Amino acid sequence: MKKSVFAVLCLFFLVCLAQAETIKMKSGEFISGSILSQTEYTLNLATSFGTITLNQREIEQILPDKHRIILKGGTQLVGVILDLDEFNLKLQTDDGATVNVDMPQIVSIEAYDYDRGQNAQKEFVEKTQQVQQAKEEAKQAAAAKGAAPVVEAAGGLTFDSDIDQVFAAQKATVVNGSVVTPSATVTQAAPKLLTDEEAFIKGVKTGAVSQQDFAKAAKEELNKKKVVQPAVKTADKPREKDFSKYFAIQAGAMPLDLKLDNSARDGYDAQDDSIDVGGTSAAVSSKFLWRVKESNLWAGPVLGIANIANASFADKDPAVQAANAADIAAGHEPSYPDPTVRTSGQILTLGAAANYYLNPNSRFVFYVTASAMYEMLTLNYRGEMQSNSIKSNGFAGGAGVGVETWVDDIMLGLEARQVFAQRSGELKNSAASNTVIQAQFSWKF
């Protein structure tokens, strides 16, 4: 049963395609038929009332094929059929929407009638045929009187009349390549006939066609014809709502104010409780964030690592002093002529971060950021005779601002944060906050 319904609907569809084109004229008429041929100037159309030739200047638009789909219950859909199979028909309506219709629900498919009525179309076709017949009779009458036949260009236009209609050209006489007004009296040279080869290349019939006339018509055609390149629509860039994940790699510097309390070590006194072992550290971090319920807030884990710059100060270890004194007493050079303590280390952080974007759809996107982390600091203490590691672990927080901009498929940005961390043990005198400035590469996907 379904196959028979599909076969009947396909037959209806093929019948609808028999008149595949509807021409809208500038005068308001709609003409339906099959386009037999067309040139730059004319269009030959076969209608149910006969074949006619239309002037391209009088055509406003060649309308797309539309069909009316009548469903069970009386509902009607009008649009362009995109696809048709045994089970489904896909239709694009005038508002651009695509509608899928089950084949069993379709009663019939018929061509959409752009026309205001068959009588109006028939009247237009008959009127056009009368005008063309009158031209043909006038041509035959002129030939009977012995006048030179009017040469037609390819597509049915004549150089004597239709060129003036298409190009709105003013008639003039050409003498040796110069245009003379119609009021001037000149002796026109006999037109030079085109050879068959020239006529084939230029697209005209052989006969008495002046090369000057042909050149003038061609020049006017080029002046009238303006080629307008269609605007190339660039693909829209993805908007903020199209993304749900964010990954960033950051690298920058952190001026680290780190103080070592050495007053409890042998050889040092109370004045040695704030030895500077900090400096400018290199900091690298990464974060992976997710959008929170399609809002401007993103949150996720963050991992960071920073080095503690190398530093040095005088080693006052009593064992070093005693070794040097023994060397001198034995008449030897001191083993430690310039006793020095050297320090270096690293800071590892692991926690969570959040970004809130203030203007996510702008060219330059600004955001505020905050983080909560667990910080593990290790300072390597290397003296002349003893070495050890000084550790300070604890929770840290950060807050700052950043800016990003798209460059192709990635974003480039800059972020500045203030990191707060309370040090412990021998580093308890260190500053509680430090500034981190980092450049970043980030992706949203």
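Rings of Phe, Tyr and Trp (its six-membered ring) count as a pair if their centres lie within 6.5 Å. By that rule, this structure holds 11 aromatic pairs. Phe247, Phe288, Trp290, Trp443 and Phe445 come together as one aromatic cluster.

Before going further, a word on the model: it is predicted, with local features needing pLDDT of at least 70 and side-chain atom pairs counting only at pLDDT 80 or more, while totals for chains, interfaces and linings use all residues. Residues are numbered from 1 along each chain as its sequence is written, and side-chain values use heavy atoms, leaving out hydrogens and water.

Some rings also carry a charge over their face, meaning that NZ of Lys or CZ of Arg is within 6 Å of the ring centre and within 35 degrees of the ring normal. Here are two such cases.

| Charged residue | Ring | Distance to ring centre |
|---|---|---|
| Arg265 | Tyr381 | 3.9 Å |
| Lys444 | Tyr357 | 3.9 Å |

Now to the strands, which are DSSP runs (E, at least two residues) numbered from the N terminus; two of them pair if DSSP finds at least two bridges between them. An open sheet of five strands follows the order 4-3-2-1-5, with antiparallel pairing. Strand 4 (50-55) and strand 5 (59-63) are at its edges with a single partner strand each, so one side of each has no neighbour in the sheet. From one strand to the next, the twist averages 45° (axes are lines fitted to C-alpha atoms, and angles run from 0 to 180 degrees between N-to-C directions). Six bridges link strand 3 (residues 42-47) with strand 4 in the antiparallel sense, and Thr47 stands opposite Gly50 of strand 4.

Further along the chain, strand 17 and strand 18 run antiparallel and are joined by 16 bridges, with Val302 partnered by Gly351 in strand 18. Strand 18 is likewise joined to strand 19 by 16 bridges, again antiparallel. These two, strand 18 and strand 19, make a hairpin with six residues between them.

What about the interior? A nonpolar core is a set of buried Ala, Val, Leu, Ile, Met, Phe, Trp, Tyr and Cys residues joined through side-chain atoms within 4.5 Å, where buried means under 20% relative accessible area (1.4 Å probe, protein chains only). The largest has 21 residues, of which Leu260, Val277, Phe313 and Leu379 touch the most other members. Strand 17 (297-314) is among the elements giving two or more residues, and strand 17 gives the most, with four. Another core, lying apart, has 10 residues, including Ile23 and Phe124.

Conventions
Buried < 20%, exposed > 50% of the residue type's maximum accessible area, 1.4 Å probe, protein only. Phe/Tyr/Trp six-rings, centres within 6.5 Å; stacked < 30°, edge-to-face > 60°.
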